[in-house]
Amino acid sequence: MIAIEVMSNDLDSDNGFTFVSFNVGCADTPVAQWGNFEKRYAVNDLPFPPLDGVECLQADWMKCDLTADVITCLQVLEHFKPSVLIPFVDKIFSNCETAIISVPYMWPAGLCRGHVQDPIDVRKFIDLVGRCPAKLDIVEDNNYYRLIALFKKDFS
């Protein structure tokens, strides 16, 4: 996943950040291993393979007490109906200083089974997360587009 690469220039990871990555539905992605962070966690509600240097927790994020300097949530929100998505995102923002969130950008409805939010454009994304990002990019990844957003602590 290219999300961390795109946003990493905006993070000063040499300050010993704790890094928490949420890989719901794509738990085998190595995102939690990227960057220079003092501690790393990956949280997923389903079993997932171990990642070197990462404390992997099979748990419900909504029941976790983890906080971090940086939380990523990549290609997850499109799977949730608003009744689940809104508290899920609110918990991310209340538990970190910086959040990086990505979603499929303008994928047609029905392209990917399990995506209940497609298509997602910039306006819909901002409405879903309830705040404007500090930085937003739309990148191409294997002929698909992804919206990647960086949020800083004020989350306004």
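**A guided tour of the predicted model**

Begin by selecting strand S4, helix H2 (residues 82-94) and strand S5, which together make a right-handed β-α-β unit. The structure on display is a predicted model.

Within this unit, keep S4 and S5 selected. The two strands run parallel and are joined by six bridges. To see one residue pair in this arrangement, select Thr72, whose bridge partner in S5 is Ile100. Next, colour strand S4, residues 68-74, by accessibility: six of its seven residues are buried, so the strand is largely enclosed by the rest of the structure.

Now widen the view to the whole protein chain. The chain holds three helices and seven strands. Followed from the N terminus, these elements come in the order α-β-β-β-β-α-β-α-β-β. Of the 156 residues in the chain, 49% count as buried. A surface display shows about 7700 Å² exposed by the chain, with carbon and sulfur atoms supplying 49% of that area. Among contacts with a separation of 6 or more, 56% are made by residues 24 or more positions apart.

The next stop concerns the aromatic rings. A pair of aromatic rings is described by the distance of the centres and the angle of the planes. With centres required to lie within 6.5 Å, the count comes to four aromatic pairs. Select Phe125 and Phe151 as one example: their ring centres are 6.2 Å apart and their planes stand at 40 degrees, so the pair is tilted. This pair links distant parts of the chain, as Phe125 belongs to helix H3 (residues 122-129) and Phe151 to strand S7 (residues 144-152), 26 residues apart.

Are these two residues buried or exposed? Since buried means under 20% relative accessible area, Phe125 counts as buried at 1%, and Phe151 counts as buried at 0%. Add Phe93 to the selection, and one aromatic cluster of Phe93, Phe125 and Phe151 is in view.

Another ring to select is that of Trp61. What sits over this ring? The charged end of Lys91 does, at 4.9 Å from the ring centre.

Finish at Pro49, in the loop between strand S2 (39-44) and strand S3 (55-58). Pro49 has a relative accessible area of 40% and is therefore partly exposed, the class that lies between the buried limit of 20% and the exposed limit of 50%. Select Thr29 as well: the C-alpha atoms of Pro49 and Thr29 are separated by 9.6 Å, while the two residues are 20 residues apart along the chain.

How values were computed
Residues numbered from 1 in each chain as written. Predicted model: local features only at pLDDT ≥ 70, side-chain atom pairs only at ≥ 80, totals over all residues. Heavy atoms only, no water. Phe/Tyr/Trp six-rings, centres within 6.5 Å; stacked < 30°, edge-to-face > 60°. Helix = DSSP H or I, 4+ residues; strand = E, 2+ residues; numbered from the N terminus. Buried < 20%, exposed > 50% of the residue type's maximum accessible area, 1.4 Å probe, protein only. Lys NZ or Arg CZ within 6 Å of the ring centre and 35° of its normal. Contact = heavy atoms within 4.5 Å. Areas by Shrake-Rupley, 256 points an atom, 1.4 Å probe, with all protein chains shown as cover. Pairing = 2+ DSSP bridges. Right-handed = clockwise from strand over helix to strand, strands pointing away.
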